[in-house]
Amino acid sequence: MSKKDISTIRNKNSKCNSVSLGKRILKHWDLYLLLIPGIVITIIFKYIPMYGIQIAFRDYNAVDGFWGSKWVGLDWFTKFFNNYNSSRMISNTLLLSLFTLLWSFPLPIIISLCLNQVKGARFRKTLQTVIYAPHFISIMVLCGIIKIFLSPYGGLFNMIVQAFGGMPIDFLGEPSWFRTIYVTSGIWQDTGWGTILYLATLSGVDTQLYDAAKVDGANKFKLIRHVDIPVLVPIIVIQLIMSFGNLMNVGFEKAFLLQTDLNSPTSDIIATYVYRQGILKAQYSFSTAVGLFNTAVNLVLLFVVNKICKKMSDISFL
Amino acid sequence: MEIKKAGAKSISDKGFDIVNYIFLGLIFLIVIYPLFYILIASVSNPYDVYVGKTFLLPSGFTLEGYKRIFSEKMISKGYLNSIVYTGLGTFISTVLVIITAYPLSRPTLPGKKIIMIFYVITMYFGGGLIPTYLVVSKLHMINSLWALILPGGVAVYSVIISRTFFTHSIPESLYDAAAIDGSSNMRTFLKIVLPLSKPLIAVMAIYAMVAYWNDWFTALIYLPSSYKAPLQLVLRQILIESQALANMMSGMDGGYAEANRITELIKFTSIVVASAPMLIIYPFVQKYFDKGMTIGAVKG
Amino acid sequence: MKKLFKKIVCLGLAAMLTLPLTACSKNEKNQNTQEEVTGAAENQGATDQSKANEVKKFNVFAGISSMSPDNSEKTLVKQMNEKMGVTINWNCVAGDALTERKNVLFATGVDLPDAFMGASLSDYELNTYGGQGLLIPLNSYINEETMPNLMKLIEKRPDLLSTCTMPDGNIYGLPSISEMGFKNSDGNTYYIGAIPQFTSINKKWLDNLGLAMPTTIDELHDVLVAFRDKDANGNGDPNDEIPLSFMYGNWCAGMTSLFSAFGFTDYNDQHRVVEDGVVKFNATKEEYKKAMEYFHQWYAEGLIDLEVFSQDASQYIAKGQNADELLGCFTWWEIPEVVGNDNAADYTYLPFLTDSEGNSGVNLNEQGTTGHGAFSVTNACKNPELLLKWVDQLYDPMNSMQAIYGPIGEFFSVTPDSNGVYTTRELAANETAGDLKARLELWGPTAQLSEDYGTYYYMEDRAQQRLNDLRDFWFKNVNNFEYYPSVTFTVDETNTINDKISDIQQYVSETGARWLTDGGVEEEWDDYVKQLDSMGLQDVIKCWQDAYDRYMAVK
């Protein structure tokens, strides 16, 4: 088949003007069939309940219900922003997320590229299973271990510090250490998990491409640069966009468990604040309002980053 | 142009391999040590663990944690429940993701952008727990298995990844060849694309499997009967959170230290007990995307 | 792959077939419009009583302890069911999952159980949900016919009903009462939690170093310095001793017993205290400022455990139980729990310390003996009378006893002793009473009156010991016997307080922690007080005062 024939067929398939909309829909009827279950479920369980968002602007209670509860407009947002800690919370949340992204995004990529080059199947497979295991450690246990390792009295890290002649450091008491602890433990826990997708993508690479490159005199570095990485780029870009789109969603559990009165200047985030407010009484309205704020920021980031990525690599999530 | 002898490695390749092995070896040690520590902790006296006596070997060896967990009737029930939920959930979820992602990856499908936006909106906007609960309740799904699976909807993140995979990792030439052969959409999907997507399906299945296996919150909300609780929920209820210390009742009755010791021990053993199945299953799924599954389907 | 496919489909089908068909058919959907709710309330005593009488099945949401099985398996429950001809469909939750599920049930208003038992409903919840009609008023059911045991209890404790009556005049939660107390020399009864923080000091170390028991705060300082520098525990290492440890902000392991030298103690986590009928906030007093300044010195000198701000109970206890004793001075509810039975003999109580002139001040913790969140009935219940008859059985002293500790034969020995009193049965080698209790107890409205001890069962040794210690040792230094009572707040007061108190508490904890470690209380004090006022501290104090005044007026 000549290249010309292929492109003709491609054009035939994609030229919007030449075939009418109705005809195209009919042509793809079986694809729509595939889409229906997902759409139906989404409408029932995601769109129908969406009326609940309005409680961000109401003072919800069960008896008055969603439509009857008193309308309070932006009161919850005012309460949130007027809180004496609000700028601290927001900046802590953002910074934690950004640092996590900065340090833990590249690592799974690097490790999967390296793993992919390992010839010994046993070493490779064992390593894979081991690095993915930390993902299953519950956050409670993880924080328990962190506290033990960081203890000024006989904790692993302080033993090392003292071996080098230093004084024991109260890691959990220093606000400046919190982010490092948070990000590093996050890396330990999730890097292995993150390699799964990349390894799967790399496994689909046609070995003929490797052979061709080797014939051209490529060593392993060149292989990685010219074969592996381009294959991963679409997935990497999508993950990057989605990560920015999730930036404000810092979970509360880990920050809560590692938080102490001393490190709260850096460890107090939006989620822990909302949790504290909710202890005395369930605050669905308030947490919905805060959630909306997070969503708004996330959406802006999502679209901005998506646009940048689209310009640079023609990959977008839409 | 040099033509290398098959099997011969250049010096830079050998060097790369050595550095690679060292690098990965270090990673291995760093990752495995805390896991090893947890294993040790699960058979040690927790109070020795917390003073830092168990860095290399157990101290105050005890199997009590395991005995406790396995004598708990609810544990075996929980395991069973989890297996059923996870099995069913993984299957349904993976199917949903794949059948939603594939059409959206076809460039000629009218309305695909709209549908994508339709899905992405649900990632960001949601009515929240209460309205969802009301819908589930109206559908008579409370206390039913389906309440664990359906309200989660379609995993949009997975759809986006899968769609990317279908678009970029399956060569355009394959689609063209199929079109030329006059293959219908379904046939292309089932006979050509799916078999080549084994790595993707494996990954989506793992994501779903782990999500269902670890989920305790959904069961808490929708399954009032304690006999239906999945393993993670059972384990979570066995533990007394540190907040419990603030509850005067536990202090007044005395014996806090003893109860605390047991729950601390169970904390570690429960991790081992709960994660074991996932770790055992992984190697079986792993073979689907390990190196060597190649696409050599396009010829000429 | 095809085989696996088939397997999974079969599994799926099997799962679907085994879905139980209960649950939904029992609970009718509650649409919860305002009309329906008040309409239902009006129909309470009206006709259709005969129809209601036929309902003998109930759905009850119950809190259980983490170690215990589902309530349906408990002997006591089975006995109670049989006696009243009732069957109960239980929805039991433990741990902090309890709060989540409870909140969802109230927030959605559908699928409400007939009753909440042992779910620790707060005043806020009782007021709000009672006010909205989700919980029904129980006033009309508290009579001889429906609840004879409770009536007997009220005869002995006439105040009982008023403590569980909400500001709107209704009773939404049945009372429980727990009187573990002692009669003090002033004739009043005080309860076991009156002083929750017992500070203890390592007597062995004092002897090893030839030191006397300190009586003033400065003397303790010098002792702690010696602990820090010398090899007090005799293992050859002068650096492993921790002079003073506690858990900052904790209710029984906090440091505030040491504040006695500054004239006050601060046991309430909201820093609330009553002096001469005036409700005050401890964390804005001059004395608090002085205490912070003083203890900062201790921290700077390395006398205080670095981990006081971060350790949890497990780490704390782990330090105590170490074979080589590590703790010089610590705080807890009692001694053996932290340091273990082996080390306990080496420790003794540290009396309240005075300042250099011999002055000290000790005020008591708040002591509630009654609660009212243990049992509430919802508007979904079709036959409240029978259900309340059923739960009334718990107020019988024998049943209360078995609910609190465990059934006769399982916790208690099958036959009582020669005095007719039940004792704990023989424990197996690896069992402890606390463990057993945690597995057998039934949470719900129970009554434990002081006269029950020695009549039906004996008080636990530890509890008795603690009461004795309070009376004979700790109460000697108490100079302020006033304590904030179990008041009921109005809905508005609750809203004001809940709105502001968590920020206030957080701010106080954070700044306190910082002052202890880095100092600076002198410079920052005025801004700190101003900040607290701008957070609404005065409004909160006013609410506390108003509720207190109302309570005292009724007395």
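**Figure 1. Ring pairs join residues of chains A and C into a cluster.** In this predicted model, the cluster takes in A:Y84 from chain A. From chain C come the phenylalanines C:F259, C:F262, C:F264 and C:F295. The tyrosines of chain C are C:Y288, C:Y294, C:Y507 and C:Y528. The tryptophans are C:W298, C:W515 and C:W525. Over all chains, the structure holds 80 aromatic pairs.

**Figure 2. B:Y37 and B:F55 form a tilted ring pair.** The ring centres lie 5.7 Å apart. The planes meet at 35 degrees, so the pair counts as tilted. B:Y37 belongs to helix α1 (residues 11–41) of chain B. B:F55 sits in the loop between α2 (46–50) and α3 (64–71) of chain B. The pair thus links distant parts of the chain, 18 residues apart. Are these two residues, B:Y37 and B:F55, buried or exposed? Both are buried.

**Figure 3. C:Y190 and C:F481 make a tilted aromatic pair in chain C.** Centre to centre, the rings are 5.6 Å apart. The angle between their planes is 45 degrees. C:Y190 lies in strand β6 (residues 189–191) of chain C. C:F481 lies in the loop between α17 (461–472) and α18 (491–518) of chain C. The pair therefore ties together parts that are 291 residues apart in sequence. C:Y190 has 3% relative accessibility, so C:Y190 counts as buried. C:F481 has a relative accessible area of 30% and is partly exposed.

**Figure 4. Arginines of chain C lie over tryptophan rings.** C:R272 is placed over the face of C:W544. The distance from C:R272 to the ring centre is 4.9 Å. In a second view, the charged end of C:R466 sits over the ring of C:W333. Here the distance to the ring centre is 3.6 Å.

**Figure 5. Four strands of chain C form an open, mixed sheet.** The strand order is β2-β1-β3-β14. At the edges are β2 (87–94) and β14 (375–377) of chain C, each paired on one side only. Neighbouring strands are turned by 20 degrees against each other on average, direction ignored. Strand β1 (residues 57–64) of chain C runs parallel to β2(C), and eight bridges join the two. Which residue of β2(C) is the bridge partner of C:I64? The partner is C:A94. Helix α5 (residues 97–108) of chain C packs on this sheet. The helix touches β1, β2 and β3 (115–117) of chain C. Its direction makes about 125 degrees with that of β2(C).

**Figure 6. Three strands of chain C form another open sheet.** The order is β13-β4-β15, and the pairing is mixed. β13 (370–371) and β15 (447–448) of chain C are the edge strands. Each of these pairs on one side only. Strand β4 (residues 176–178) of chain C runs parallel to β15(C), with two bridges between them. C:I177 stands opposite C:A447 in β15(C).

**Figure 7. Two segments of chain B have pLDDT under 50.** Chain B as a whole averages a pLDDT of 83. Of its residues, 88% score at least 70. Residues 241–253 of chain B stay under 50. For this segment the model has 22 contacts beyond four places in sequence. Residues 292–300 of chain B also stay under 50, with 15 such contacts. Where pLDDT is low, predicted coordinates should not be read in detail.

Technical notes:
Residues numbered from 1 in each chain as written. Chains lettered and ligands numbered in written order. Predicted model: local features only at pLDDT ≥ 70, side-chain atom pairs only at ≥ 80, totals over all residues. Heavy atoms only, no water. Pairing = 2+ DSSP bridges. Axes fitted to C-alpha atoms, helices over the stretch in contact; angles between N-to-C directions. Contact = heavy atoms within 4.5 Å. Phe/Tyr/Trp six-rings, centres within 6.5 Å; stacked < 30°, edge-to-face > 60°. Buried < 20%, exposed > 50% of the residue type's maximum accessible area, 1.4 Å probe, protein only. Lys NZ or Arg CZ within 6 Å of the ring centre and 35° of its normal. pLDDT = per-residue confidence, 0-100.
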